[in-house]
Amino acid sequence: MVIIAVDDLSDQRLLDYTSLTDVKLRSRLEPELGLFMAESKNVIERALEAGYKPRSFLIPEKWLDSMQETLTRLGPEGKDVPVFVASEDVLEQITGFHLHRSAMAAMHRRQLAPVQEVIADAHRIAIIEDIVDHKNVGAIFRSAAALDVDAVLVTPSCADPLYRRSVRVSMGSVFQVPWTRLETWPDMRPLHDLGFHVAALALGENTVRLDDFEQRVKLNPEMKVAWILGSEGYGLKERTIRAADSSVMIPMSHGVDSLNVAAASAVAFWATRRLI
């Protein structure tokens, strides 16, 4: 490892970390790929295990020893990756926030795979339509990983799963669940071609209760299900609901008419998880 002690906030080698927004990181280096930030030891390790390549690391002095095992896993490929080390006070000035989870890493993005490749062998997938809150995106990925969802598709206007807050909230699950971005939406043909039953989690005409839909899935264990989850404000678009095969609602009590989309996703994923 190339260990570099830093105390100068104007050091040009730290540009990846100094007040760059997620949008700017995406266009740094190759615009079609760019960078993203992985924060904390566990998240960095999951990114490395998923095959993402680090550009550099930023580590508080007191956490360097605890990160040694992670750094050595890079092997010969890591010999030219700089590891910037500084006091916590200096790092807080560099990043703009308290780096309390041991480390950050600037990671290279990868080219996204085609939709058909990502979902070819899947039985349970989620489609995130126009969700703009990065915390919700990260929480949905975490539920997807925990509850055996095989892949996630994000619509063209959906927030980026690799934004720092999404990655952090997901606890690195964005690296464990295959995902890609749809180029056009709503277009159910790729899903229907692979035999998916598309279920919109929304109120609409001929809406069925989740517990009834769950029984249908249990009676057809090979049934492929694609859940569509809508934005935080207005939910799913009407044309999306019309294009889906089913509209499914979560029965609720005490006059509550909806759940946070991340909470709703966990309920739907749990109810229709594969039991074989």
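This is a chat about the nonpolar cores and aromatic rings of a predicted model.

Visitor: Which residues have the most contacts inside the largest nonpolar core?

Guide: Those are F57, V152, F175, W227 and F269, in a core of 55 residues.

Visitor: And which helix gives that core its largest share?

Guide: Helix α11, residues 261–271, which puts in six residues.

Visitor: Is there another core, and what does it include?

Guide: There's a second, separate one of 21 residues, with L191, A200, A226 and I241 among them.

Visitor: Back to F175. What is it in contact with, leaving aside neighbours within four places in sequence?

Guide: F36, V43, R46, A47, A50, Y52, L162 and V167. Two of those come up again, as F36, Y52 and F175 form one aromatic cluster.

Visitor: OK, how do F36 and Y52 pair up, then?

Guide: Edge-to-face, with 5.3 Å centre to centre and 85 degrees between the planes. F36 sits in strand β2 (residues 35–39), while Y52 is in the loop between α2 (41–49) and β3 (54–60), 16 residues apart.

Visitor: Are they buried or exposed?

Guide: F36 is buried because its relative accessible area is 1%, under the 20% cut-off. Y52 counts as buried too, at 7% relative accessibility.

Visitor: How many aromatic pairs does the structure hold?

Guide: Five.

Visitor: Switching to charges: what lies over the face of Y52?

Guide: R110, at 3.9 Å from the ring centre. Elsewhere, K224 has its charged end over the ring of F196, 5.4 Å from the centre.

Technical notes: Residues are numbered from 1 along each chain as its sequence is written. This is a predicted model: local features need pLDDT of at least 70, side-chain atom pairs count only at pLDDT 80 or more; totals for chains, interfaces and linings use all residues. Side-chain values use heavy atoms; hydrogens and water are left out. A nonpolar core is a set of buried Ala, Val, Leu, Ile, Met, Phe, Trp, Tyr and Cys residues joined through side-chain atoms within 4.5 Å. Buried means under 20% relative accessible area, exposed over 50%, partly exposed in between (1.4 Å probe, protein chains only). Helices (H or I, at least four residues) and strands (E, at least two) are DSSP runs, numbered from the N terminus. Contact means heavy atoms within 4.5 Å. Rings of Phe, Tyr and Trp (its six-membered ring) pair if their centres lie within 6.5 Å; planes under 30 degrees apart count as stacked, over 60 as edge-to-face and the rest as tilted. A charge sits over a ring if NZ of Lys or CZ of Arg is within 6 Å of the ring centre and within 35 degrees of the ring normal.
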